[in-house]
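Student: Could you take me through one part of this model closely, namely how the sheets and helices of one chain pack, with the cut-offs behind each term?

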Amino acid sequence: MKKINKNEEAVVVIGSGAGGGTMVYELTKAGIPCVCLEAGAFIKPEEYVNDEWPSFSQMAWLDKRTTSGNWRVAKDFPGLPTWLVKAVGGTTTHWAGATPRFLDYEFKTLSTYGEIAGASLLDWPISLTDMESYYTKAEDAIGSTHRGGRAPLPANNNYKVFANGAEKVGYKFYATGPYGTNAEAYDGRPGSIQDGFNFQGDKNLSKWNTAVREIPRALETGLLDLRPESHVVKITHDPSGRADAVLYVDKDGNLHRQAAKVVCLAGNSIESPRLLLMSDSNRFPNGLANGSDQVGRNYMRHMTGSMYARFEKPVNFYRGETMAGFIADEVIHDPNRGFAGGYYMETLALGPAFLAAFLDPGGYGPEFTAIMDNYENVAGMWLVGEDMPQSSNRITLSAETDQWGLPAPNVHFDDHPNDVAMREYAYEKAEALYNAVGALQTYRTPPYPSTHNLGTCRMSANPEDGVVDQWGRSHEVRNLFVSDGSVMTTGAAANPTLTIVALAIRQAEYLAGELKKGKV
Amino acid sequence: MRLSRRAFISSASAFTILAYLGVPNAQAHMSIASEPEDRKLIASVVRAMFPHDRFPEGPYLRTADAVIKKALGSPASALELKSGLIALKQVGFDKMSGSEALAHVKSMEGSPLFSLVHGTTVTGLYTDSEVHQLLGYEGSSFEQGGYIKRGFDDLNWLPEPRIEEHPELAKFLGAGPKSYAVAAN
Ligand SMILES: Cc1cc2nc3c(=O)[nH]c(=O)nc-3n(C[C@H](O)[C@H](O)[C@H](O)COP(=O)(O)OP(=O)(O)OC[C@H]3O[C@@H](n4cnc5c(N)ncnc54)[C@H](O)[C@@H]3O)c2cc1C
C-alpha cells in the first residue's frame with residue numbers, strides 16, 4: 001500500500017462509504033494519489049456474521065448521539081437516530097441494494113410543487129440530463145439488475161406475495177429490481193445465493209459495497225493510502241481560508257495531522273456537518289464553510305414506514321434477498337392524493353430479532369405476538385418516499401460528548417404535515433395490497449432509525465441557499481468538497497445510494513480535471 | 001446493544017451485587033432475585049407481555065435471567081427490580097389469569113420495572129435460539145449455501161409473478177407529474 005507522508009499536501013478523503021469509497025477509486029484510477037481516513041476498521045467479508053444483533057454491534061455507528069423533535073424515533077431510539085455503519089465501506093456494507101434513479105422533476109421540486117409552508121424546497125443546480133451518463137456509470141459500478149443488460153433477480157417468497165397483491169390492486173410497475181446485487185456472476189463477483197443477510201454485509205460478495213469493489217481496486221492502483229480507525233476531528237485552514245490539513249484520532253486516542261491540498265468530506269449526512277461545525281475558527285465562527293448558516297440544516301431521512309401482514313399459509317420471507325421487490329406506481333407527484341411527491345413500495349424482510357425490535361417499539365401484548373408467533377406466515381414491505389426539507393430539521397452540536405470528549409451530534413427532526421399525509425396514504429395502500437391476497441392481520445410499523453440521511457450540506461446555485469455548488473465544491477472554501485449524501489438539495493422518492501455514487505463519479509471527474517489544470 | 005446470550009446467562013447466576021446504600025464507603029451485599037420464585041415471577045411478567053402459548057418455560061426463564069443480569073448493572077436498577085418484585089408479590093401477580101396479568105402489566109407502563117422487562121425481552125426473547133426454532137426461523141445460511149436451494153421461492157399458494165419491469169415503466173416515469181403545484185398547506 002502506498003504511504004503518503006503526513007506533511008505532504010495530499011488529496012484527503014474522509015470516509016469510505018458510498019461517496020468516499022467511490023471518490024478514492026475514481027481519483028486513484030485517474031492517477032491521483034489519495035489518503036483515505038476512515039473512522040471504522042477494515043472488516044473483511046469473511047468476518048461478516050449472519051446474525052442480526054451481533055452484526056449490528058460489529059459494524060453500526062454507536063458513538064454518542066442525541067435526538068430531539070417530534071419524530072417517533074426520538075422517543076423509541078433516543079440514542080440511536082440513525083442506522084449507519086462505521087467500517088471501511090461505510091453504510092454500503094449494510095445497505096440492501098435498491099437503486100432507482102431520480103425522476104426529472106425531482107431535481108426541481110420547488111418549481112414543480114410550488115412553495116409549501118414550512119418546507120425549504122429548492123431546485124437542484126443540476127438536472128437529470130446532467131446526471132444521466134453518471135447514473136449509467138453508477139449502475140454499471142453497482143451492477144444494478146434490470147439495467148445495462150443485466151438479468152433480474154428471481155422472485156423470492158416475499159416478492160411473490162407483494163407482486164400478486166400489486167397485480168390485484170391494479171398496479172403495473174412492479175419488478176424484482178433495479179437492485180445492486182448480482183443475479184448472475186458480474187464484475188468478478190458471483191450471483192446471489194439468496195442467503196437473506198443483505199443488512200448484515202453479504203459474505204458471498206454478490207452485493208455491491210465499496211469495501212468489496214472500490215476500495216480493493218483503489219488499493220490495487222498503488223495510489224491509495226487507506227488509514228482505517230482514523231477518526232477525523234477537525235479540518236484546519238490557512239490564513240487565506242483554504243483548508244490545509246485534517247486532524248484525526250487513531251484507535252488508541254492519539255492525535256495526528258495530515259496536510260491537505262484538497263479535502264473531500266464523505267462522513268455521511270450526520271458526521272459531515274458535525275465535522276464542519278466542529279471546525280470553527282476565528283475566521284469561520286459558525287463552522288467551516290458555513291457562512292450561509294446552512295450546514296446541518298435541511299436534514300432529510302425520507303418518509304418511511306413498514307407494513308407487515310400475516311397470512312394463513314407460509315411465506316418464510318427471511319429467505320432470499322432482503323429488498324428485491326419494487327412497486328413504482330405511487331412514485332409520481334399527484335397533488336390530488338393530498339401531498340406533494342411520491343413514494344416507492346419495496347419488499348422488506350427481517351429476522352425475529354430485528355422484527356421484534358422494530359415492529360412496534362414499545363409495543364407488546366397479543367396483537368404484537370400474533371405477528372411474531374406466525375413469523376413463518378408473515379410478509380413485509382417498506383414504504384419510502386420524498387420528505388420535505390425543513391430548515392429547522394438539523395444536526396447541531398450537543399452538550400453531550402462522545403468517546404473523545406468531543407460534542408456529539410444532536411439530530412433534530414419534526415415530521416412535516418406532508419410526510420405524515422404521505423405515510424398515512426401509503427399505509428392504506430399497503431394494507432389494501434396485502435388484503436387483496438388474503439392478509440389475516442396487517443401491522444403498521446413506524447420509522448426505525450434513519451438509514452437514509454441526506455441534505456445537511458446541500459447543493460445550491462446561490463451561495464446563500466446552501467453549502468456546496470453543483471460539483472459538491474464548497475461555495476466558501478474552494479478546496480473543500482462534500483462527496484456524500486449530505487449534498488442532496490432535496491431527497492426525491494428514490495433510495496439515495498445510486499445518486500450518491502453517480503454524484504461522486506461526476507465530482508471525481510471534475511476534481512481530477514481541476515487538479516490537472518492546477519485550479520484547486 | 002451487544003448481546004451475547006452465553007455471557008448473560010452465565011453471569012446471571014451471580015445474583016448478588018455490592019450496593020452502595022447512600023452511605024459513603026459503606027458497602028452492603030444486596031441479594032436480588034436470589035430465590036427461584038423471583039426468576040419465575042419475572043418470567044411470568046415476560047409471558048404476560050409477550051404471550052406465546054406454544055413457548056415452553058425455557059425461553060421465558062432465560063429472558064428473566066437477562067432481566068436480572070441487566071438490573072445488576074447498577075445498584076439503582078437492582079433496587080428498582082427488587083422493589084418491583086415486592087410490589088408484584090403484594091398484588092398476587094403470580095395468581096392472576098392471562099388477561100388480568102396483561103391488564104396489570106398495562107398499569108405498570110412507564111414504571112422502571114416495565115421498561116427493564118420490556119427492553120430486555122425485545123432483544124432477549126426473540127434472539128433465543130430455541131425461540132427461533134419454534135418460530136420456524138432458520139437463521140444463518142451462508143455456510144449452507146444460502147437459501148437458493150433451500151426454499152427461497154417455495155411459496156406455491158399464489159401464481160408465479162412477473163419479475164421483469166413492465167414495458168411501459170420508462171414512459172410512465174418520464175411522463176412527469178400528474179399536475180403541477182399542490183395547494184399550499
Ligand atoms: C439497513 C440499510 C439498508 C439500506 N438500503 C439501501 C438501499 O436499498 N438503497 C439505497 O439506495 N440505500 C440504502 N441504504 C442507505 C445507504 O447505505 C446510504 O445511503 C449510503 O451508504 C450513504 O453513503 P454516504 O457516503 O453518505 O455515507 P456512508 O456510507 O455512511 O459512509 C460514511 C463513512 O464515513 C465514515 N466517517 C464518518 N465520520 C468520519 C470521520 N469524522 N472521520 C473518518 N471517517 C468518518 C463512516 O465510518 C463511514 O464509513 C441502506 C442503509 C441501511 C443502514
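Tutor: Happy to; here is a walk through the sheets, the helices and one residue of chain A.

This is a predicted model, where local features need pLDDT of at least 70, side-chain atom pairs count only at pLDDT 80 or more, and totals for chains, interfaces and linings use all residues. Residues are numbered from 1 along each chain as its sequence is written, chains are lettered from A and ligands numbered from 1 in the order in which they are written, and side-chain values use heavy atoms, with hydrogens and water left out.

Let's begin with the sheets. Helices (H or I, at least four residues) and strands (E, at least two) are DSSP runs, numbered from the N terminus, and two strands pair if DSSP finds at least two bridges between them. An open sheet of 6 strands in chain A has the order 4-10-11-12-9-15, with antiparallel pairing. Its edges are strand 4 (174-175) and strand 15 (441-445) of chain A; each has a single partner strand, so one side of each is left without a neighbour in the sheet. Strand 4 of chain A pairs with strand 10 (residues 326-327) of chain A over 2 bridges, in the antiparallel sense, and A:Ala175 has A:Phe326 as its bridge partner there. Helix 10 (residues 366-373) of chain A lies across strand 9 (303-310), strand 12 (378-385) and strand 15 of chain A, at about 105° to strand 15 of chain A. Such angles run from 0 to 180 degrees between N-to-C directions, and axes are lines fitted to C-alpha atoms, for helices over the stretch in contact.

Chain A also has an open sheet of 3 strands, with order 3-14-13 and mixed pairing. Strand 3 (66-68) and strand 13 (394-401) of chain A are the edge strands, each pairing on one side only. The twist averages 35° from one strand to the next. Strand 13 of chain A runs antiparallel to strand 14 (residues 407-412) of chain A, joined by 5 bridges; in strand 14 of chain A, A:Asn410 is the bridge partner of A:Thr396. Helix 8 (residues 268-278) of chain A packs on this sheet, touching strand 13 and strand 14 of chain A, and its direction makes about 70° with that of strand 13 of chain A. Contact means heavy atoms within 4.5 Å.

Now for a helix pair. The axes of helix 6 (residues 157-168) and helix 11 (residues 417-436) of chain A come within 8 Å and cross at roughly 100°. That makes helix 6 of chain A roughly perpendicular to helix 11 of chain A, a label for angles of 65 to 115 degrees. Residues of helix 6 of chain A, including A:Val161 and A:Phe162, meet A:Leu433, A:Tyr434 and A:Ala436 in helix 11 of chain A.

Finally, burial. Helix 2 (residues 52-59) of chain A has 6 of its 8 residues buried (under 20% relative accessible area, 1.4 Å probe, protein chains only), so it is largely enclosed by the rest of the structure. Among the buried residues of helix 2 of chain A are A:Trp53 and A:Phe56. Their cover includes helix 9 (352-358) of chain A together with helix 6 (112-124) of chain B. A:Asn495 sits in the loop between strand 16 (480-482) and helix 12 (497-516) of chain A, and counts as buried at 4% relative accessibility. The side chains of A:Asn495 and A:Glu346 are joined by a polar contact of 3.0 Å; such a contact is a pair of N or O atoms within 3.5 Å, where within protein one must be able to donate a hydrogen and the other to accept it, and residues adjacent in sequence count only if both atoms are side-chain atoms.

Terms used. Angles under 35 degrees count as roughly parallel, over 145 as roughly antiparallel, 65 to 115 as roughly perpendicular and the rest as oblique. Buried means under 20% relative accessible area, exposed over 50%, partly exposed in between (1.4 Å probe, protein chains only).
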